[in-house]
Amino acid sequence: MSDEPQQPSGDQGPRGWAPRDPAAHGHSGASGDPGVPGDGSGTVSGSGTGSGKAGKPKKRKRPKRTGWRRAVPTWRMILGAVLVAAVLLIGGFIAGYELVDIPPANANATAQSNVYLYKDGSVLARSGEINRENVQLAQVPLTVQHAVLAAEDRDFYSERAVDFKAMTRAAFNTLTGKGKQGGSTITQQYVKNYYLGQEQTVIRKIKEFFIAVKLNREETKSQIFEGYLNTSYFGRNAYGIQAAAQAYYSKDIGHITTAQGAYLASLLNAPSAYDVVVHPENKPAALGRWNYVLDGMVKEKWLGAAERAAMKFPVPGKVKPSTGLSGQRGYLVQAVDDYLTGHDVIDEDTLATGGYRITTTLEKKKQDALVKAVDDNVMSQTSPDRPADRNVRVGGASIDSGTGRVLAMYGGIDYTKQYVNNATRRDYQVGSTFKPFVFTSAVANRSTTQDGRRITPNTLYDGTNKRMVQGPGGPTGYAPANEDDIDYGPITVSTATDKSVNAVYAQMAEDVGPEKVKQTAIGLGIPKNTPDLTATPSIALGVSTASVLDMTEAYATLANHGRHSAYVLVDRISKDGEDLELPDSGHSDPAVSREAADTTTGILQSVVEGGTGTAAQAAGRPAAGKTGTAEEDKAAWFAGYTPDLTTVIAVMGQDPETGVQKPLYGALGLARINGGGAPAQTWAQYTEAALRSTPATDFDLELESGAEESAPPTDGETSPEGTTTPSGTTSSTPPNTPGSTPPREPSTPGSSEPATAGTETNTPTEGTADNGGAQNGGGENGGASGSDNGADGGGGGDYGYFPGPRGTPATRQ
């Protein structure tokens, strides 16, 4: 029987429909609808016959969360949050990967020094502010590579670009007070060093992450590791492992031992703090880090336990002062750069980008010896109380005569104080050091005097003061004065060389032909574009302004028996292990005949033995040389050579503020500075030191044949009438000599005013002479009176002579 009440007859409701009863589901009592009574059963049935389906039971509502349960997320909330985070992370990664590109390297990472080395590989100088020199990974010893990996990232070759586990561990250690630790891989550190910077920001870390991921896909592990080694900072202003090897152990990375490599690797963790020389108090910490690195190598089986146990801590060397461009370094770097760009090895802009390793021909011991010789004989003699001493400048160069290799160079007192390199500048007259080129040309061209006599060391010339130079058509209008207006009369070429007689050499230049003299000088090594290298008789007196290095190259050709080798200053230049091509060197070409060069050497030996260059005897070697003085004593020169070493020294006068050339009168406490004084003394000290470890050898000379002493000049030789010109090309055009007053056209020979530019004249003190007698006292060697070579001079001076036979030395004052 149904519990549902029956419908009244004649009033049937819709079949199968049961009205919703708020009182259902267990609620009893009357319904709001009087037609649907509740029975307390929780269900509603249809009517008896024709009733529909029974209604579905209703679900119970969940009880509301109360208390602490309200704070606990449901599993649906957790799942939703995870899904949202995953979407955001994936989307963010995709967006970051697409938006963050690998940027160009930062300027500091690519900036490198050019490293300049002595011949033996020791560092001469570095250019630029960044002390870095990149090396290839293959140049780093494998044990050193392993040391770095043991210190920084032992799983580098097997791990991904980013180590999430390490990053998490580092963050945890930092947060828990165990110290700030890095969780970056070597790849990430390289990205920071090379592409980004050292700033500690979230943006930088995000960029580092994406660049590391991309870089790991585009470069090999070895490429990344090489970059890391070249960009990491090791302290002592050393960027990169090569610079670090030099800074701490004064050697290239290829020669670093395992123990030393472990110390360098330790520095990566705390570069300044672990420098045990600068901070000896931190040695225990540095030693602990060093042991950690070595133990790690053993653990990774990169190092044997026995070998590790035998290792001792490799104490690094002292901190070296900055190898900037102070002192001689700047001059040497400038000369090397000029050599490379001048020979089209590399252009200036490319060289300035840095990273080049340049091995020079300079020898450190000889370089040091040259600097000491200049200091001892010139710079130490200056005094702040003498105004003239502020003008003193010195230039020097030394060349291997057989190869042309530059072994030493002196550019000035300090490149940061005097920027012009005195060894390479071309603005001071070379004076009488040019005269040997005239004689060499005479022998090479088999030239003759105006009356047809072969020019040899024994040929007689007229040494009369202010004698008019005679050309093929008569007087040339050029009549140079001798030093102190000394008249010598008939004199041999050899003696005229000893005494540096201007009248003789001006006439000889005309006899040979000024153009031939010029070409001979160029062949010996004087640049053809040298200022004032003009084809006139005045060329003999050295009015041209070749550099010290130019003159050294030319004299080296004489020392090498007439074979010329262009000077060489660079042995090798490379970048990133690749060599650049250098000019072909190591060969020589004949410039003049051996007889011409050797005969010149013979008369220059006489200059050292008893002429103006006797101070050079202090070298204790067979030597040949020539002194020279520029117009108004603005420069004093000594150019000399032994059988295997050629060196030129010049003392110059220049106002340090205006740059104007100044006479050297009164400098070094002397009335004048001549080539036979401080320059020759400097030459002798340097040469002795440079050759101290080698045995002395004599010159091997092949002299000009048929050189017989000629009769004294005839009247016809000193008169325009009856002259001949068998020597060939001559010039009858009066010279345009810089710095001199052109002579007036004389009515008779010998009556003109002298032109004195380039001569060893114009001394302000009485009795000083370059040509009178035996260079006593005031001649080429300084003093108060006397003449240049001394048969009739007398007087004092550092390297003068007593009256008497040539070569009798005077007492030093």
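Which residue with a positive phi follows H15? This is Arg446, with a phi near 50°. The model shown in these views is predicted.

**View 1. Helix H15 is largely enclosed by the rest of the structure.** Of its 10 residues, 9 are buried, so little of H15 is left uncovered. The buried residues are Lys435, Pro436, Phe437, Val438, Phe439, Thr440, Ser441, Ala442 and Val443. They pack against helix H16 (493-499), H17, H18, H19 and helix H20 (594-610). Strand S14 (624-629) is also among their packing partners. Arg446 follows H15, and its phi is positive.

**View 2. Helix H17 is buried along 11 of its 11 residues.** That count is why H17 is described as largely enclosed by the rest of the structure. Look for Asn502, Ala503, Val504, Tyr505, Ala506 and Gln507, which are among the buried residues. Met508, Ala509, Glu510, Asp511 and Val512 are buried too. Gly513 follows H17 and has a positive phi, near 110°.

**View 3. Helix H18 (residues 514-524) has its buried residues on the same side.** These residues are Pro514, Val517, Lys518, Thr520, Ala521 and Leu524. They cover an arc of only 160° around the axis, so they lie on the same side of H18. Their packing partners are four elements. Three are helices: H15 (435-444), H17 (502-512) and H19 (548-559). The other is strand S10 (563-564). After H18 comes Gly525, with a positive phi near 140°.

**View 4. Ile522 is a partly exposed residue of helix H18.** Its relative accessibility is 23%, which is why Ile522 is classed as partly exposed: buried means under 20%. Which residues does Ile522 touch, not counting those up to four places away in sequence? They are Lys528 and Leu533. Ile522 and Leu533 are 11 residues apart in sequence. From C-alpha to C-alpha, they are 9.5 Å apart in space.

**View 5. An open sheet has 5 strands and mixed pairing.** Follow the strands in the order S2-S1-S3-S11-S12. The edge strands are S2 (123-127) and S12 (578-579), and each pairs on one side only. Strands of a sheet pair through backbone hydrogen bonds, either parallel or antiparallel. Which sense joins S1 and S2? Strand S1 (residues 114-117) pairs with S2 in the antiparallel sense, over 4 bridges. Find Val115, then look across to S2: Arg126 stands opposite.

**View 6. Four valines form a nonpolar patch on the surface.** They are Val277, Val278, Val315 and Val319. Together they have about 300 Å² of accessible area. Take Val278 as one of them. Val278 sits in the loop between helix H9 (258-267) and helix H10 (283-299). Is Val278 buried or partly exposed? Its relative accessible area is 44%, so Val278 is partly exposed.

**View 7. His343 lies in the loop between two helices.** Helix H12 (329-342) and helix H13 (348-352) are on either side of this loop. His343 is partly exposed, at 36% relative accessible area. Now locate Pro583, which is 240 residues apart from His343 along the chain. How far apart are the C-alpha atoms of His343 and Pro583? They are separated by 6.9 Å.

Notes
Residues numbered from 1 in each chain as written. Predicted model: local features only at pLDDT ≥ 70, side-chain atom pairs only at ≥ 80, totals over all residues. Heavy atoms only, no water. Pairing = 2+ DSSP bridges. Patch = residues over 30% accessible without salt bridge, like charges linked within 9 Å, V, L, I, M, F, W, Y side chains within 5 Å. Areas by Shrake-Rupley, 256 points an atom, 1.4 Å probe, with all protein chains shown as cover. Salt bridge = Lys/Arg side-chain N within 4 Å of Asp/Glu carboxyl O. Buried < 20%, exposed > 50% of the residue type's maximum accessible area, 1.4 Å probe, protein only. Arc of directions from axis to C-beta. Contact = heavy atoms within 4.5 Å.
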